[in-house]
Amino acid sequence: MENLQNYVEKIFRAITSSVFLCPTIMCEVFFMLKEAALLKFPEHKEIRYQVVSGFVFLRFFAPAILGPKLFHLRNDIPDQSINRKLTLLSKAIQSLGNLVSSKTPAFGFKEDYMIPLFKSFNEQGRIDAIRMFLDIISSATRAHSRSIDFEAPIILKEGVMTKRAQGRKKFGVKNFKRRYFCLTNQCLKYAKSKDDEALCEIPVQDILAVESLEEESFRMKNMFQVVQPERALYIQANNCVEEKEWIAILNKISQTNQNRLQNYHPAAYVNGHFLCCKSTDQVAHGCTPVSFGVSSDMKIDIDSDREIERIHSLFLHHMEKLEALQATYRGFTDDCAKLEVYSGESPATLPSMIIEDTKSCFETLNEILKCVISLEQEHKQYLKMLQRNIVLGSQDAPIGKDNYLHVSAQTKL
């Protein structure tokens, strides 16, 4: 039971910490589902959590744990012993999703020995963590909805930091002051103290980038900038850990903004110009690529040529199956609504599937085969030309029998 509790704890932390990785399209689905449920049952406030929890825990997390091979998490099928453990984990995670509405300790468990596990997780702190997770993935901001003004804000992070005046007043002095900052799923705001009215609010949609600021800008450490359409807000955190935490969460909450910048200015705008590139335009395009990607915290460099080559090789490797599938659909008409029985030597190679539009499938197969054959012919022509142009003793075929044979083998058809 202790091992099971440890596994559940790890899964719980992984789920609640992945809140900002939820795809925007899923956030839109969760938001519309929540709104429809509240409209149908306005007297039940907990319904906003139940409908979203039923989707994300019952239809996503629990099945992925129960069937890891189905979700490409494992290559092999778990044995009976492991499958039993995965079943218990799946039940536990599903019950964690029901914490927001469960009123009995044994909710969701048929086994009595699982009740202590549920009791250990049935704490207010965990319930609040799940509610925040469900609130954020179904929030109006994450879904880019117009109903954001009617939704209660969710506090994500707060604390006291030092900020530089933004110069919103024409004759204002740009000095540094301590302010209370609060980040919600709707905006970043700051005030003189926690109980005072906000002096400034920056909507999440207006956050174009969040990056560290060079220390030489103001000769101050642990500074970062929140770039807005017209200016940047310069903030100094209390330490380097806090700086990284604020940068990370601000980037995550704004990473789905459609107007995110690709470049930024690493130094501040001081005395009428940026210290990094000396540009005098305060809204000029940045001179350095941003460090955070648009979708998640990873920057992905895709080699399109290599990916196309890989797709072509996959098609080429399965040419026999494609040709067999093409032969199956050959001669079909628009009135044909049923597949003919495959009469080849190896029926098992043909995947069992239901094709709604056999004519379109047949035409698509023809186009794929034409492209694959055409590319392969051009590739063979290139190899022939390469073999003809090989000069013994050149850089491509240096002196030595073994080297020449190796190059010949590479270009041999």
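**Core packing and the open sheet**

In this predicted model, Val8 makes a handy starting point: leaving aside residues up to four places away in sequence, Val8 touches Leu89, Ala92, Ile93, Leu96, Leu117 and Phe121. Val8 also belongs to the largest nonpolar core, which has 56 residues. Together with Leu134, Ile137, Phe224 and Leu250, Val8 touches the most other members of that core. As for where the core residues come from, helix α3 (residues 47–66) supplies the largest share, with 7 residues. Another core, of 10 residues, lies apart from this one, and its members include Ala232, Tyr234, Ala268 and Val270.

Now to the strands. An open sheet is built from 7 of them, paired antiparallel and running in the order β4-β3-β2-β1-β7-β6-β5. The edges are taken by β4 (200–203) and β5 (209–212); each has a single partner strand, so one side of each goes without a neighbour in the sheet. With direction ignored, neighbouring strands are turned by 30 degrees against each other on average.

Zooming in on one pair, strand β2 (residues 176–184) meets strand β3 (residues 187–191) in the antiparallel sense, with 4 bridges between the two. Here Leu183 sits opposite Leu188 of β3.

Helix α7 also comes into the picture, spanning residues 240–254. This helix lies across β1 (155–164), β2, β3, β5 and β6 (223–227), and runs at about 120 degrees to β1.

Key:
Residues numbered from 1 in each chain as written. Predicted model: local features only at pLDDT ≥ 70, side-chain atom pairs only at ≥ 80, totals over all residues. Heavy atoms only, no water. Core = buried A, V, L, I, M, F, W, Y, C linked by side-chain atoms within 4.5 Å. Buried < 20%, exposed > 50% of the residue type's maximum accessible area, 1.4 Å probe, protein only. Contact = heavy atoms within 4.5 Å. Pairing = 2+ DSSP bridges. Axes fitted to C-alpha atoms, helices over the stretch in contact; angles between N-to-C directions.
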